[in-house]
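Please open the model in your viewer and keep the sequence panel visible beside it. The stops below say what to select next and what is to be found there.

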Amino acid sequence: MKSVLILIVGALLYLGYDSAMTYTNSNQFCFGCHVGMDTIVEEYQSSVHYHNTKGVVAATCSDCHVQEKRSRKFN
Ligand code: HEC
Ligand code: HEC
């Protein structure tokens, strides 16, 4: 019983960590502070990294600014 509880707590902690790691790589997270703080979001949105002929968002802020998306995020 105790070990089942530990497993459940572990899984919940992992899911929390995982979604925090994912959320902090989203543009929304960076925009939260950088809209209005400087012009970087506007510059990005008028660049090919945001608008391109393929019709997809080619690069997000974290693609360039976060070295590795998961464990190596902290160094
Ligand atoms: C909690 C608010 C906050 C969030 C969220 C945030 N930033 Fe920043 N960021 C700042 C502040 C404040 C500075 C310092 C600005 C200055 O010194 O002019 C900064 C500076 C930077 C710089 C360095 C600018 C320089 O002049 O060297 C980069 C690059 C940067 N942020 C990218 C990002 C990216 C990419 C994300 C998303 C992963 C992000 N930021 C999310 C607040 C934030
Ligand atoms: C295609 C790669 C790429 C993407 C996407 C990208 N950046 Fe950058 N960013 C750079 C590079 C390269 C620099 C220049 C670094 C330098 O000058 O030292 C830079 C510089 C910056 C700076 C410092 C600007 C200054 O005036 O010194 C900030 C702040 C920043 N980026 C935030 C962001 C945010 C927020 C996003 C998403 C909206 C983003 N970047 C998307 C590559 C990128």
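Begin with the whole chain in cartoon view: read along the sequence, its pattern is α-α-α-α, with four helices and zero strands, where helices (H or I, at least four residues) and strands (E, at least two) are DSSP runs numbered from the N terminus. Because this is a predicted model, local features need a pLDDT of at least 70 and side-chain atom pairs count only at pLDDT 80 or more, while totals for chains, interfaces and linings use all residues. Residues are numbered from 1 along each chain as its sequence is written, and chains are lettered from A and ligands numbered from 1 in the order in which they are written.

Next, colour by pLDDT, the predictor's confidence in each residue, from 0 to 100. The chain averages 83, and 85% of the residues score at least 70; among the elements, α1 has the highest mean, 90, and α4 the lowest, 87.

Now select residues 2–23, which form helix α1; over its 22 residues it reaches 31 Å from first C-alpha to last, close to the 32 Å expected at 1.5 Å a residue, the expected span being 1.5 Å times one less than the number of residues. The number of its residues that are buried (20 or more other C-beta atoms within 10 Å of a residue's own, against 12 or fewer for exposed and partly exposed in between, with C-beta atoms placed from the backbone) is zero, so α1 lies largely in the open. Across the 75 residues of the chain, 0% count as buried.

Move on to ligand 1 and select its shell, that is, the residues whose C-beta atom, placed from the backbone, lies within 6 Å of it: F29, C30, G32, C33, H34, C61, S62, H65 and V66. Helices α2 (27–34) and α4 (61–65) each supply at least two of these residues, and α2 gives the largest share, five.

Then select ligand 2, which 13 residues surround, the closest being C30, Y44, A59, C61 and C64. Two or more residues of this shell come from each of α2, α3 (40–45) and α4, with α4 giving the most, four.

For the last stop, select H49, in the loop between α3 and α4. Is H49 buried or partly exposed? It counts as partly exposed because it has 16 C-beta neighbours inside 10 Å. Leaving aside neighbours within four places in sequence, H49 is in contact (C-beta atoms, placed from the backbone, within 7 Å) with Y44, A58 and A59. If you draw a C-alpha to C-alpha distance from H49 to T60, it should read 7.6 Å, although the two are 11 residues apart in sequence.

Note on methods: Contact = placed C-beta atoms within 7 Å.
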